[in-house]
Amino acid sequence: MQFIDLKAQQARIRGRVDAAIARVLDHGGYIMGPEVKELETRLAAYAGVGHAVSCASGTDALLMALMVKGIGPGDAVLVPTFTFAATAEVVALLGATPVFVDILADTYNMDPGGLAAAVAEARRLGLAPRGVIPVDLFGQPADYAAIHAAAAREGLFVIADAAQSFGATLDGRRVGTLAEITATSFFPAKPLGCYGDGGAVFTDSDEIAETLRSIRVHGKGGHKYDNVRVGLNARLDTLQAAVLLEKLAIFPDEVERRDAVARRYAEGLAGLATPVVMAGATSVWAQYTIRFDDRDAMAAGLKDAGIPTAVYYPLPLHRQTAFASHPTAPGGLPRAEAAAGQVLSLPMHPYLETAEQDTVIAATRRVADRLAKGTPSA
Ligand SMILES: *Cc1c(COP(=O)(O)O)cnc(C)c1O
């Protein structure tokens with residue numbers, strides 16, 4: 001059994017991907033070839049947003065978004081502590097300071113109620129609070145209504161880290177439209193992934209899109225050799241765009257399949273701590289994450305039954321070596337710390353077969369019963 005089965009997906013589209021790659025080899029436009037423009041048009045149409053600017057990774061997407069905002073030393077950017085390192089890394093890379101905020105206990109997304117205290121802490125440290133990067137963890141959007149309200153009160157911009165949530169919706173609007181700037185990732189294991197690294201930034205603003213396109217290519221201006229700002233080499237390869245076009249064609253179907261898998265898990269695991277999706281939201285189920293007091297025993301029990309699992313994330317960022325010196329909101333980040341000790345992600349992908357899923361459900365229930373009875377082993 002695979003935790004994420006990329007081979008099953010490949011078998012479905014292999015012929016079309018081979019043909020798409022052959023077309024790129026034939027035309028030879030490896031950098032910013034026609035597939036890149038076509039992909040951007042299709043991504044923007046799918047998300048219902050004015051612009052999709054493709055780039056080399058989700059990390060570059062976040063970095064470019066912060067560069068648009070001119071973030072630098074002395075600035076503070078609020079990030080949830082329960083996320084992948086890239087969310088905070090890009091802030092630190094620009095010389096600014098990430099300030100860590102706790103999560104909500106049910107959705108694992110950033111607690112909008114924690115923003116005011118984090119802003120006050122940043123000011124107390126002599127930093128200028130500039131923005132907030134909510135993360136759509138495990139595939140469902142953060143609580144953008146509450147985050148926008150709190151951000152507006154504090155004068156903060158909002159950049160969405162949608163690396164795990166492309167395709168999800170909130171109150172009928174797609175990810176990509178839920179913040180002024182949205183960053184996503186096409187890392188192979190994300191819900192929409194390529195065969196290498198890739199990412200995209202979404203915005204409705206013509207001006208922001210233009211700046212992103214400049215930053216993506218060394219800060220180019222109107223003239224190729226008059227760069228108007230310091231930028232990056234952050235282009236998406238044409239080959240990856242060609243792969244993504246084929247994957248995007250089946251993506252709506254895959255999102256439905258993911259949701260069907262999640263619904264079956266919810267039924268089969270009823271009574272255990274299954275994921276909570278916020279009212280008004282849909283998830284693309286980048287992960288199907290349950291929680292147990294004795295998570296490690298559950299993971300070991302499932303491993304014995306031949307079922308792969310993963311822990312996202314065993315350490316909140318404020319506990320990681322590279323980030324431990326950065327500030328946190330006062331009072332600690334107890335919900336993130338509790339989650340880090342209890343979360344466990346089960347196999348989740350659009351091609352998980354019913355029989356496989358039944359095996360996962362039965363084994364999870366069996367181990368949960370055993371743990372509840374306090375029996376040390378099967
Ligand atoms: C994967 C991920 C990223 C980084 O994306 P890459 O394409 O790997 O650079 C950023 N934030 C979150 C929450 C992620 O899951």
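**Close-up views of a predicted model**

**View 1. Helix α3 gives the most to the lining of the largest pocket, with three residues.** The structure is a predicted model, in which local features need pLDDT of at least 70 and side-chain atom pairs count only at pLDDT 80 or more, whereas totals for chains, interfaces and linings use all residues. Residues are numbered from 1 along each chain as its sequence is written, and side-chain values use heavy atoms, with hydrogens and water left out. The largest pocket (an open set of points on a 1 Å grid over the protein atoms alone, where a 1.4 Å probe fits, with protein on both sides within 12 Å along at least five of seven lines) holds about 490 Å³ of space. Of its 25 lining residues (those with an atom within 4 Å of a point), Phe 84, Gln 164, Ser 185, Phe 187 and Lys 190 are the closest to the centre. The elements that each give two or more residues to this lining are α3 (58–68) and α4 (86–93), where helices (H or I, at least four residues) and strands (E, at least two) are DSSP runs numbered from the N terminus.

**View 2. The second largest pocket has a volume of about 180 Å³.** It is lined by 14 residues, of which Gly 167, Val 255, Asp 259, Thr 282 and Ser 283 are the closest to its centre. Helix α8 (residues 238–268) gives the most to this lining, with four residues.

**View 3. Strand β8 (residues 181–185) is mostly covered, with five of its five residues buried.** Buried here means under 20% relative accessible area, exposed over 50%, and partly exposed in between (1.4 Å probe, protein chains only). In a regular strand the side chains alternate between the two faces of the sheet. In β8 both faces are covered, with Ile 181, Ala 183 and Ser 185 buried on one side, and Thr 182 and Thr 184 buried on the other. Strand β5 (residues 157–161) runs parallel to β8 and is joined to it by three bridges (strands pair if DSSP finds at least two), and the partner of Ala 160 in β8 is Thr 182. Strand β9 (residues 199–203) runs antiparallel to β8 and shares five bridges with it, with Thr 203 of β9 as the bridge partner of Ile 181.

**View 4. In helix α6 (residues 144–154), Tyr 144, Ile 147, Ala 150 and Ala 151 are buried.** These four lie on the same side of α6 because they cover an arc of only 130° around the axis, taken from the directions from the helix axis to the C-beta atoms. On the other side of α6, Ala 145, Ala 152 and Arg 153 are exposed. The buried residues of α6 are covered by elements that include α5 (115–124), β4 (128–132), β5 and β6 (169–170), with contact meaning heavy atoms within 4.5 Å. Just after α6, Gly 155 takes a positive phi of about 70°.

**View 5. Phe 138 has a phi near 65°, a positive value in a residue other than glycine.** Phe 138 lies in the loop between β4 and α6, and counts as buried because its relative accessibility is 6%. His 218, in the loop between α7 (206–216) and α8, also has a positive phi, of about 60°, although it is not a glycine. With a relative accessible area of 39%, His 218 is partly exposed.

**View 6. The peptide bond from Tyr 312 to Tyr 313 is cis, with omega near 5°.** Tyr 313 is found in the loop between α9 (295–304) and α10 (334–342).

Terms used
Points joined across faces, edges and corners; volume = space filled by probe spheres on them.
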